[in-house]
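This report describes how two chains meet, how charged side chains pair, and how nonpolar side chains gather. The structure under discussion is shown first.

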Amino acid sequence: MRIGLIAMSGVRVRTRELAELGVTLPGFVNRGRVIASLPSLGLLTVAALTPPGFEVVYREIQDVRPGDALEPFDLVAISSFTAQIDEAYALADRYRAAGVPVVLGGLHVTLMPDEAAEHADSIVLNGAEGAWPRLIEDFRNGRLQPRYEGLRAGVFRSPDYVVPRFELLRGRPYNRITVQTSRGCPLHCEFCAASLRITSSFQQKPVELALGEIQAARAVTEHPFLELADDNTFLNKAWGKEFLRGLAPLGVSWFTETDISVADDDELLRLLAASGCRQILVGLESPTADGLAGMDPRDWKRRRCAQYLRAIEKIQSHGVTVNGCFILGLDSQTPEVFPQVRDFIRESGLIEAQITVLTPFPGTPLYHRLAREGRLIQPRFWDRCTLFDVNFQPRNMSVAELESGLRWLFREVYNEAEVGRRQRHYMELVKGCPEVGASPGFRH
Amino acid sequence: VSATWSGRDIEAELRAVLAEACGRDVSRIGADVDLVRALGLDSLALLRLVAEVEVRLGVRFPDSALSQLRTIRQFAEAIVADREKSISPPCGESLPVRVERGNA
């Protein structure tokens, strides 16, 4: 039996002015391109959870051309983010019309199960661990159920834990391979639509398992650059140090997402640099403390805001760059936020900055609150959940002000001169940084 | 051509720096081949390579040119441009850059 695993990728901005602007700004599209070209770790995990006796085929949506005949499978599983979910549904409908049963899973499906169920023979909620083996057994016996619930805890423990089948990526031109060391994040920011929505608590993979996966991932690529598919890798500093000591000899360059508290620990920063960490993405969200009020239930980010500048400087002085993320349209922000973000980026020396618009992903606390307050522009806008399209009425500015402010800020931050200035800053950092050095050997 | 250096010298210097920094043979990489693809670099690794070239060859590229340094020819031309700033050739002529095409 042949199972087709189809990953959706390639988010496109819908607002025409922004899409056109992106073409002309060198710094705007870089991170978007990276995200769009990441493989689906969820489907590689599904592949590993599939028992022997099935042929498993991994495809990206780009492999499936709309006009072509459908590739023959006995079962199709599709995983998608919100922005591409309608394309996923359309593909699922095509396969089902051809008599091929379809399974849908992923974050959006977990948050909007009833909607997804209309386009699938079966849906998988939460992670695939604890669900997919049962689903396959039922499929084999001709009694596929409409809904399976995967584990929300204990996913990194035997017998449910598996190493994703990275070898399915062999021969494909990925710039980065994803590996997960944790699932969830205790900060619980209102807007977050990441893995915390499919977990009951923060879960960290044992160090030996994480390192084993990294070795498996690096074996399939000539130039290993790993992206940790975590929401907050270094919550546990002791775990982090053990992980980094084990990672350093493996000779990979890598990227992850974490919070600003990594700057609290000098030893952790030294180990980060020595292990090949090239960049951490940190959700700064807003340049002022006022803008962060109510962001997370414990007001952690607001309390940390005063340390942002010093923390960024300290992290980057170790040769690890910070990609600072900002969200525009937060309730306490006024149009003054646009120059504030620009000035903060310049003053902080951030090597990279990711500027997005507040996005009420369906099923998140933010979505429910804005719906209650009557501030969603339309009830269903999934293809506009791109992080750049405005889908709600901001509290202290108009939609037009937010859209034009975003475009203004993009021109200010991502123009050639500013990108060149940040590139120069990075080069000068590494020239004077013993942990990284200007002669890195590239770790390949 | 300058009495002390030429485009070919620059190419040789450049290839030596690349080979050492990347730890691999770069002699077969063509002058117009994208180094990011040929060497499997990410964007930050490319910048570290540019920094290494600056340090080793004693040059400084304009910030506005950093994004455009992707091939050996582009590097060589930028090095020449930088050196031209400090060395005035006779009769104000530009120094020619001749970069050999590799096999890749």
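Between chain A and chain B there are four salt bridges. The model is a predicted one, and the values given here are computed from it.

**The interface between the chains**

One of the pairs that bridge the two chains is A:Glu428 with B:Arg60, whose side chains meet in a salt bridge at 3.4 Å, N to O. The rule for polar contacts finds seven residue pairs across the interface of chain A and chain B, both residues being at pLDDT 80 or more. On the side of chain A that touches chain B, β12 (277–285) and α16 (416–431) of chain A each supply at least two residues. The most is given by α16(A), with eleven residues. Sorted by class, this side of chain A has ten nonpolar, nine polar and six charged residues.

In terms of extent, the contact takes 25 residues from chain A and 25 residues from chain B. The two chains bury about 2,100 Å² between them, and 58% of that area is on carbon and sulfur atoms.

**Salt bridges**

How many salt bridges does the structure hold over all chains? The total is 45 salt bridges. Four examples are set out below, each with its N to O distance.

| Acidic residue | Basic residue | N to O distance |
|---|---|---|
| A:Glu428 | B:Arg60 | 3.4 Å |
| A:Glu115 | A:Arg380 | 3.6 Å |
| A:Asp343 | A:Arg342 | 3.1 Å |
| B:Glu54 | A:Lys431 | 2.5 Å |

The side chains of A:Glu115 and A:Arg380 meet in a salt bridge within chain A. A:Glu115 lies in helix α6 (residues 113–117) of chain A, whereas A:Arg380 lies in the loop between α14 (365–372) and α15 (399–414) of chain A, so the pair ties together parts that are 265 residues apart in sequence. The two partners fall into separate exposure classes: A:Glu115 is buried, with a relative accessible area of 15%, and A:Arg380 is partly exposed at 37%.

The pair A:Asp343 and A:Arg342 also forms a salt bridge. Here A:Asp343 counts as partly exposed because its relative accessibility is 37%, while A:Arg342, at 18% relative accessibility, counts as buried. The cut-off that this reasoning needs is 20%: a residue under that relative accessible area is buried.

Returning to the interface, the side chains of B:Glu54 and A:Lys431 meet in a salt bridge at 2.5 Å. B:Glu54 lies in helix α3 (residues 43–57) of chain B and A:Lys431 in helix α16 of chain A, so this pair joins two chains. B:Glu54 is buried, with a relative accessible area of 3%; A:Lys431 is partly exposed, with a value of 30%. Elsewhere, salt bridges that share partners join A:Glu190, A:Asp331, A:Arg369, A:Glu373, A:Arg375 and A:Arg395 into one network.

**Nonpolar cores**

In soluble globular proteins, nonpolar side chains tend to be buried together. The largest nonpolar core in this model has 131 residues, of which A:Ile78, A:Leu104, A:Trp132, A:Phe243, A:Trp254 and A:Ile355 touch the most other members. The largest share of this core comes from α15(A), with seven residues.

Which residues is A:Phe243 in contact with, leaving aside its neighbours within four places in sequence? They are A:Thr181, A:Val207, A:Ala210, A:Leu211, A:Ile214, A:Leu228 and A:Phe234. Apart from the largest core lies another, of 36 residues, and among its members are A:Leu429, B:Leu41, B:Leu47 and B:Leu49.

**Chain B**

Chain B has four helices and zero strands, and along the sequence its pattern reads α-α-α-α. Of its 104 residues, 50% count as buried. Among the contacts in chain B with a separation of 6 or more, 63% are accounted for by residues 24 or more positions apart.

B:Ala12 is found in helix α1 (residues 7–22) of chain B. Is B:Ala12 buried or partly exposed? Its relative accessible area is 49%, so B:Ala12 is partly exposed. The cut-off for an exposed residue is over 50%. The C-alpha atoms of B:Ala12 and B:Ala65 are separated by 22 Å, these residues being 53 residues apart along the chain.

Conventions: Residues are numbered from 1 along each chain as its sequence is written. Chains are lettered from A and ligands numbered from 1 in the order in which they are written. This is a predicted model: local features need pLDDT of at least 70, side-chain atom pairs count only at pLDDT 80 or more; totals for chains, interfaces and linings use all residues. Side-chain values use heavy atoms; hydrogens and water are left out. Contact means heavy atoms within 4.5 Å. Buried area is the accessible area (1.4 Å probe) that two parts lose on being put together, summed over both. A polar contact is a pair of N or O atoms within 3.5 Å; within protein, one must be able to donate a hydrogen and the other to accept it, and residues adjacent in sequence count only if both atoms are side-chain atoms. Ala, Val, Leu, Ile, Met, Phe, Trp, Tyr, Cys and Pro count as nonpolar, Asp, Glu, Lys and Arg as charged, and the others, Gly among them, as polar. Buried means under 20% relative accessible area, exposed over 50%, partly exposed in between (1.4 Å probe, protein chains only). A nonpolar core is a set of buried Ala, Val, Leu, Ile, Met, Phe, Trp, Tyr and Cys residues joined through side-chain atoms within 4.5 Å.
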